[in-house]
Each structure stands twice: as C-alpha cells, then as structure tokens.
Amino acid sequence: MASTRRRQQPRRRVWPKVKLFLLVAVVAAGATALYPIWKKAHPDPPELTLRYRTATPATAAAAKPSLEVFNESKKPLPLSAVTLRYYFTADDGSYAFNCVQAAFGCSG
C-alpha cells in the first residue's frame with residue numbers, strides 16, 4: 001500500500017539573501033553620502049582643445065606647424081599647468097627653434 005504521507009519541501013534559506021541585500025544597501029548609501037565630498041576634492045579638469053594645422057609637405061626642409069590651445073570651460077587654468085609637446089623627426093639631425101606669434105612668451 002502506498003504511503004499517503006506528503007514529503008516535506010526543504011526549507012529555503014532566506015537569511016543569507018537578506019544579509020547580502022542589507023550589505024549592498026549599506027554600501028550604496030555610504031557611497032551616495034560620500035560622493036559630494038569626493039567630488040569636491042576631485043573636480044573635473046578644464047576642457048582643453050588643441051587645434052593643429054600645417055601647410056608643410058612631408059618632404060619639406062622645415063616644419064611649420066600651427067598649434068592653438070583653447071580652454072573650453074569657464075574654469076581658469078594657469079599656463080604653468082599646461083604642457084604642450086610636438087614630436088617630429090629630422091633626417092639630417094640639425095634643428096632650429098622659432099616661436100612666431102606666441103602670446104605668452106617663447107622658450108626652447
């Protein structure tokens with residue numbers, strides 16, 4: 001004769017899931033509360049745009065690049081914090097340096 005007794009379903013373990021949810025909620029709340037402090041200590045840098053153009057052919061004796069830097073943001077930025085590098089190669093190894101229309105000075 002078959003048993004009429006029902007099998008008991010295994011208990012589901014809910015408590016570990018609740019602990020995980022609470023941990024995630026506490027971490028998210030802490031991050032949300034601390035974000036304004038972090039943002040004040042790490043402001044967005046000014047947005048600089050560089051415009052480059054040249055009319056120099058690839059085999060010219062002299063490179064004549066034109067470089068213009070624009071501060072697109074309204075944030076002031078000292079020129080001492082800006083570094084502009086222009087790399088090139090010369091086949092004969094002789095170099096000369098000249099600034100034309102430099103608004104803030106020229107050093108090389």
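Start with the salt bridge: in this predicted model, a search of the whole structure turns up one. Select Glu 68 and Arg 51, and look at where their side chains meet, with 3.2 Å from N to O. The two partners come from distant parts of the chain: Arg 51 belongs to strand 1, Glu 68 belongs to strand 2, and they are 17 residues apart.

Now switch on the surface for those two. Are they buried or exposed? Neither label fits Glu 68, because its relative accessibility is 29% and partly exposed runs from 20% to 50%. Arg 51 is partly exposed too, with a relative accessible area of 42%.

**Zoom out to the whole chain**

Hide the side chains and show the cartoon. You should find one helix and two strands, and if you follow the sequence along, the pattern reads α-β-β. How much of the chain is buried? Just 1% of the 108 residues.

Try colouring by pLDDT, the predictor's confidence in each residue. The chain averages 79, and 74% of its residues reach 70 or more. Among the elements, helix 1 has the highest mean, 91, while strand 2 has the lowest, 83. A tip for the rest of the tour: where pLDDT is low, don't read the predicted coordinates in detail.

**Select residues 15-41**

This is helix 1. Put a distance between its two end C-alpha atoms and you get 39 Å; that agrees with the span expected for its 27 residues at 1.5 Å a residue. Next, click on Tyr 35. What lies there? A kink of about 40°, shortly before the proline Pro 36. Then turn the surface back on for the helix: it is hardly covered, with a count of zero buried residues among its 27.

**Select the nonpolar patch**

Pick Leu 48, Leu 50, Tyr 52, Val 69, Leu 84, Tyr 86, Phe 88 and Tyr 95 together. They form a nonpolar patch on the surface, with about 800 Å² of accessible area between them. Which element gives the patch its largest share? Strand 1, residues 48-54, with three residues.

Stay with the patch and pick out Phe 88, which sits in the segment after strand 2 (65-71). Phe 88 counts as partly exposed because its relative accessibility is 46%, under the 50% that an exposed residue has to pass.

**Two more stops**

Go to the loop between strand 1 and strand 2 and select Ala 61. With a relative accessible area of 91%, Ala 61 is exposed. Add Ala 90 to your selection: the C-alpha atoms of Ala 61 and Ala 90 are 8.8 Å apart in space, though the two residues are 29 apart in sequence.

Last, move to the segment after strand 2 and find Lys 74. Is Lys 74 buried or exposed? It is exposed, at 84% relative accessible area. Draw a line from its C-alpha to that of Glu 47: these atoms are separated by 9.0 Å, and the residues by 27 positions along the chain.

Terms used:
Residues numbered from 1 in each chain as written. Predicted model: local features only at pLDDT ≥ 70, side-chain atom pairs only at ≥ 80, totals over all residues. Heavy atoms only, no water. Patch = residues over 30% accessible without salt bridge, like charges linked within 9 Å, V, L, I, M, F, W, Y side chains within 5 Å. Areas by Shrake-Rupley, 256 points an atom, 1.4 Å probe, with all protein chains shown as cover. Salt bridge = Lys/Arg side-chain N within 4 Å of Asp/Glu carboxyl O. Helix = DSSP H or I, 4+ residues; strand = E, 2+ residues; numbered from the N terminus. Buried < 20%, exposed > 50% of the residue type's maximum accessible area, 1.4 Å probe, protein only. pLDDT = per-residue confidence, 0-100. Expected span 1.5 Å × (residues − 1). Bend = angle between axes of the 7 residues up to and from the residue.
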